[in-house]
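Please open the model in your viewer and keep the selection tool at hand. The tour below moves from one selection to the next and says what is found at each stop.

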Amino acid sequence: MIDVSTNLIGYAGTAIGTILMLPQVIKIWREKKAGDISIITAALYILNCILWFWYGCRISANPVILANGIGGIIGIVLFVLKFKYDYFTRRNVDNQGKRI
């Protein structure tokens, strides 16, 4: 059986990993632009969260399941905002940066 201190270390570590992309999401949300964010990084972050979530489910590790479930949601939000403020906005802007 895992003791309480081991679980606390697990929750602390996974909390840090979970909020890793949160500053990027906040930055995109505030600035309404996402040109500096790599779509590959966002996709790999989501894939990483999915794989760790799956692993956590298989070994019944609640800290891993919780952190990567939340992290996956943050990653999906980042991915959606990337498309909303980078790809779709870029399609509606002319060469001088004015909306058309």
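Throughout this tour, two residues are said to be in contact, or to touch, when they have heavy atoms within 4.5 Å of each other. Please keep in mind that what you see is a predicted model.

Begin by selecting Ile28, which is found in helix H2, a helix that covers residues 22–31. Is Ile28 buried or exposed? Ile28 has a relative accessibility of 1%, and it therefore counts as buried, since that term applies to values under 20%. If you now show its surroundings, and set aside residues up to four places away in sequence, you will find that Ile28 touches Lys33, Ala34, Ile37, Leu78, Leu81 and Tyr85.

Next, add Val25 to the selection; leaving aside neighbours within four places in sequence, Val25 is in contact with Ile74, Val77, Leu78 and Leu81.

Now widen the selection to the largest nonpolar core, which has 12 residues in all: Met21, Val25, Ile28, Ala34, Ile37, Ala42, Tyr45, Cys49, Ile74, Leu78, Leu81 and Tyr85. Helices H2, H3 and H4 each supply at least two residues of this core, and the largest share, 4 residues, comes from H4.

From the core, turn to the charged side chains, where the structure holds 3 salt bridges. Select Lys82 and Asp86, whose side chains meet in a salt bridge at 2.7 Å, N to O; both residues lie in helix H4, 4 residues apart, which is about one turn of the helix, and both are buried. Salt bridges that share partners also join Lys27, Glu31 and Asp36 into one network, and this is the next group to select. Within it, the side chains of Lys27 and Glu31 meet at 3.5 Å, N to O, and these two residues lie 4 residues apart in helix H2. The side chain of Asp36 meets that of Lys27 at 3.8 Å, N to O. Asp36 is exposed, with a relative accessible area of 67%, whereas Lys27 is partly exposed, with a value of 35%.

For the last stop, show the surface and select Ile39, Ile40, Leu44, Leu47, Leu51, Trp54, Phe83 and Tyr87, which make a nonpolar surface patch of about 780 Å². Helix H3 (39–59) and helix H4 (62–91) each supply at least two residues of this patch, and the largest share, 6 residues, comes from H3. One residue to pick out there is Ile40, which is found in helix H3 and is exposed, with a relative accessible area of 57%.

Terms used
Residues are numbered from 1 along each chain as its sequence is written. This is a predicted model: local features need pLDDT of at least 70, side-chain atom pairs count only at pLDDT 80 or more; totals for chains, interfaces and linings use all residues. Side-chain values use heavy atoms; hydrogens and water are left out. Patches are made of residues with over 30% relative accessible area and no salt bridge: like charges are joined within 9 Å, nonpolar side chains (Val, Leu, Ile, Met, Phe, Trp, Tyr) within 5 Å. Accessible areas come from the Shrake-Rupley method with a 1.4 Å probe; for residues, only the protein chains shown count as cover. A salt bridge is a side-chain nitrogen of Lys or Arg within 4 Å of a carboxyl oxygen of Asp or Glu. Buried means under 20% relative accessible area, exposed over 50%, partly exposed in between (1.4 Å probe, protein chains only). A nonpolar core is a set of buried Ala, Val, Leu, Ile, Met, Phe, Trp, Tyr and Cys residues joined through side-chain atoms within 4.5 Å.
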